[in-house]
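Visitor: I should be grateful for a close look at a single part of this model. Please describe how one chain is built, from its overall form to its interior.

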Amino acid sequence: MKKPEHPFRFATVSYLTRIGNQSATTIGELRDGLEKCSDASIFYHTFQSLGRYHFLTEGFSNEFAQWVLAGLNCPALAEQLAAPDIRGYLTLSDMRTDLLSITDEYCRSHPEDVHRLAFEPFYFLESIEVTIPHLGEAWTLEEFRHWLERLSNGSFHYHFLVSRLRLGLRTNDFSLWFENELGLQRLAQLTNRIDVYTNTLESTRAKLYTFIDRELAA
Amino acid sequence: MSLDAYVPLLGARELDELRALAAQLSGRTVQMVNSTAMGGGVAEILNRLIPLIQELGLRPRWDVITGGEDFFEVTKAFHNALHGGPYQARKENFDLFLATNEMNRQRLQFDCEFTVIHDPQPVALIEARSRQEGHWIWRCHIDLSNPNPEVWGFLRPFVYRYDGALFSSPEFARQLPIPQYLSFPCIDPLSEKNVDLDPASVQEVVERFGIDPARPIITQISRFDRLKDPIGVVRAYQIVRRYMDCQLVLAGGSATDDPEGEIVLEEVRREAKDDPDIHLLNLPPWSATEINALQRASTVIVQKSLREGFGLTVTEALWKKKPVVASAVGGIPAQVIHKHTGLLVHSVEGTAYQIRFLLSNPALALKLGEQGHEHVRENFLITTNVKRYLTIFLHSLQRS
């Protein structure tokens, strides 16, 4: 393990939810909303919702899919909208393009469903991020492990998932530091492979403890 | 109750985060203004919120506006009109509203960095804002989705002058030229209505009301109000009873001062047809422990409202890890994520089916309850409310 040149700087984030002016009561309106809503709205209903509902491990991917299932009773489209994995996206614009193309395709192949009214409307909301930098810093893996235990779920989500958008890389803050600063490539890879869709944030964190403890014991 | 009292429920990490957020606002002054010091959900929340904000190092102050009975009659009529009820507009009512707000503007001091005005009664206090100093936020706790146009037209110019508005649901918001944010109502997990109870206390309450704790209990906690559809709940129960043994508890607030409540209770009695397994409990207002125990003793909790504000009885049920079957109205879909934290329904038949489904699948019911509890912990507790205020204060500073 090499001596880092830079420490890992822990931050935390708190989100405000802004109410927009868009809503949808049909698949057609959802399609229009997906096209016109802000990136902050795409973020709210995908990346952030995964953090808000971090305790769900089965069948929840994003709020668009959830509404199509529960509000429109349209499981085929819901399954498709649930498929995009946020870890595959480096920009919100790419994610929007895919969600839009799935919805477009469904509207083309199921014109009879396009104007069917939902049980309840979908409201496009937006995330406003307020970041608190410098909660603390770690210069060693032991210190990192110590800090990790003290991190809130919000902070963990920020470093582990939201970081992809900030970094524009298919990795996360933790893996990047393990690899670049400590030279721990395998730990970086193992960390990056943890499946957040089948784990809660708590069990994701537990897996990370195990990987770090193994590394420390080696 | 100090913040440390919440550690066993929330974990030290989440409270550390709250402290880290608050550290950015240390010493900042906050003023909350509403129209009553006691009674009502807003006063209940402020009673808990103010000490917690103070403990976090900010300097909060809580002011209550005063006014004569005639003022509060006018604001009650405004309240009903803003909920979509009819309203006979009279100039003297609007004048009285403005005069009382002006009297309070002169009586109160407005020198804080953050001023939060709660609900329409004190909305015109925005007149006290000198130039663009301080950050003024309007917290609207009521449903503005279908307001009487005359009353809303009168209040709207005041709302426009705030820096932002907070609503309990996107459904309740209006199109405004100022930013609107979502701020859910909350429960206090340490209050009498939500604090953990030992099984013996729960059993004592249940038996006192003649309910059999050994058989499934389906419960709806609500006023006897047509909008809560108690008759629909009885009909759903009657369908369930064709398939399985269970009891129904409908427990609500006192109807003695509410003539319509008594009429609705009588209608429900007729529908219940002397069924000994239907328990209609007309509870006095000081029954927090009884409600807590009834919720904890229940097998399934129902909220079959036809219209709903936020539905804090749903929040209370979820916090107690109960499987919930609830109508997809008002703030309920924000709490009940269908098939994850409960089951949403749209009819009597749907309600009956989902109750049967939960009674037949206790493992799934348990899982929904557990996930519902986590959802409340994350989003609908008093500590989350504190965090939202801190976040909006920090965001306001960053914007300016």
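Guide: Let us take chain B, bearing in mind that the model is predicted. A natural starting point is the set of contacts within the chain. Among contacts in chain B between residues at least 6 apart in sequence, 71% join residues at least 24 apart. The secondary structure of this chain consists of 15 helices and 12 strands. Chain B is as compact as a globular protein of its length, because its radius of gyration, 22 Å, is close to the 21 Å that the globule rule gives for 400 residues. Measured out along the principal axes, its C-alpha trace spans about 65 × 55 × 35 Å.

We may now turn to the surface. The accessible surface of chain B amounts to about 16,500 Å², and carbon and sulfur atoms account for 51% of that area. As for charge, chain B carries 42 positive side chains and 49 negative ones, and 5 Å separates the centres of the two sets.

The interior comes next. Of the 400 residues in chain B, 57% count as buried. The largest nonpolar core contains 94 residues, and B:W138, B:F167 and B:F393 are those with the most contacts inside it. One of these, B:F393, merits particular attention. With neighbours within four places in sequence left aside, B:F393 is in contact with B:L25, B:V30 and B:L58, and also with B:F114, B:V116 and B:I137. There is also a second, separate core, made up of 63 residues, and A:I42, A:L81, A:F122 and A:W147 are among them.

Conventions: Residues numbered from 1 in each chain as written. Chains lettered and ligands numbered in written order. Predicted model: local features only at pLDDT ≥ 70, side-chain atom pairs only at ≥ 80, totals over all residues. Heavy atoms only, no water. Helix = DSSP H or I, 4+ residues; strand = E, 2+ residues; numbered from the N terminus. Rg over C-alpha atoms; globule rule 2.2 N^0.38 Å. Buried < 20%, exposed > 50% of the residue type's maximum accessible area, 1.4 Å probe, protein only. Contact = heavy atoms within 4.5 Å. Areas by Shrake-Rupley, 256 points an atom, 1.4 Å probe, with all protein chains shown as cover. Lys, Arg positive; Asp, Glu negative; His and termini not counted. Charge placed at Lys NZ, Arg CZ, Asp CG, Glu CD. Core = buried A, V, L, I, M, F, W, Y, C linked by side-chain atoms within 4.5 Å.
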